[in-house]
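Okay, thanks for coming, everyone. I'd like to walk you through a structure that may be new to you, so have a look at the screen.

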Amino acid sequence: MKIRLHKSHERGFADYGWLKARYSFSFAEYFDPLRERFGVLRVLNDDIIAGGGGFNTHPHNNMEIITIPLSGALEHRDSMGHTMVIKENDVQYMSAGSGVEHAELNHSATEPINLLQIWLFPQSRNTQPRYEQISLQRADRHNKIQTIVSPEGGDQIITIHQQAWLSLLDSDESKSYTYEPHHAENGIFLFVIEGEIETGLHLLQERDSAEITGADVLKFTSKQKSRLLIIEVPQD
């Protein structure tokens, strides 16, 4: 098993006034040739959008886009006819496929929103664009790993065009967990939203991440009350 750590302060940063963004991978004006992607995981942006701000209408294609609000509310509009608001405990998915346009705006004129936006390369190109949104219960991820995205989908699980799985966990202090990859060749990307976890000899704190390959089983322990995002993705 190989683990590569990426500390929070090592992420890229941009301040556009209305948007403060931290980039886990090369994005926009931030470029690091050693951090272009992790397998099919292309983007993990940690965005804070000021009240009244947002991304005006713009196009996407051939990308699987997942948005997870951590606080605040986001208004979504797209060329498929959706006008939606997502907030904490919601998860939004848009398969851009052959092409789609959308706008993502802070639903509040005064309060900021903090969200994670995740992009994955699709398994097949130029598919029909698709939108999906789910609302989650905190109890379903309290001290247990909750799958929120998978290739098969399911009850309160988004179906994605990729052999990828996304999961959330809200853990109390001193709890231990085991995660088994669905495919042996997949890698695991751990992102600590809050708190502190330990895996092997490695300690990850708030907004740190770890890229893990060659793991038959991944074991980790929460050193304090923690929130964690787990992304399992193909490596080629």
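I'll start with a sheet and then move on to some charged pairs.

One thing up front: this is a predicted model, so keep that in mind as we go.

Right, the sheet. How many strands form it, and in what order? There are seven, and they run S2-S3-S4-S11-S6-S9-S12. The pairing is antiparallel, and the sheet is an open one. At the edges you'll find strand S2, residues 12-15, and strand S12, residues 130-135, each pairing on one side only. Going from one strand to the next, the twist averages 15°.

Let's zoom in on one pair in there. Strand S6, residues 64-71, sits against strand S9, residues 90-95, in the antiparallel sense, and four bridges join the two. If you want a residue to click on, try isoleucine 66: its bridge partner in S9 is tyrosine 93.

Now for the charges. Side chains of opposite charge can pair when their charged atoms come close. How many salt bridges turn up in the whole structure? The search finds 15, and I've picked out three to show you.

Here's the first pick: arginine 35 with glutamate 211, at 2.8 Å from N to O. Where are these two along the chain? Arginine 35 is in the loop between strands S3 and S4, while glutamate 211 is in strand S20, so to speak a long-distance call: the pair links distant parts of the chain, 176 residues apart. And both arginine 35 and glutamate 211 are buried.

Next up, arginine 207 and aspartate 46, whose side chains meet in a salt bridge at 2.7 Å, N to O. Arginine 207 is in the loop between strand S19 and S20, and aspartate 46 is in strand S4, which puts them 161 residues apart. Remember S4 from the sheet? It's listed there between S3 and S11. Both arginine 207 and aspartate 46 are buried.

My last pick is arginine 227 with glutamate 194, where the closest N and O atoms are 3.5 Å apart. Arginine 227 belongs to strand S22 and glutamate 194 to strand S17, 33 residues apart. Buried or partly exposed? Arginine 227 counts as buried because its relative accessible area is 14%, whereas glutamate 194 is partly exposed, at 35%. This pair also has company: salt bridges with shared partners join Glu88, Arg138, Arg141, Asp170, Glu194 and Arg227 into one network.

Key:
Residues numbered from 1 in each chain as written. Predicted model: local features only at pLDDT ≥ 70, side-chain atom pairs only at ≥ 80, totals over all residues. Heavy atoms only, no water. Pairing = 2+ DSSP bridges. Axes fitted to C-alpha atoms, helices over the stretch in contact; angles between N-to-C directions. Salt bridge = Lys/Arg side-chain N within 4 Å of Asp/Glu carboxyl O. Buried < 20%, exposed > 50% of the residue type's maximum accessible area, 1.4 Å probe, protein only.
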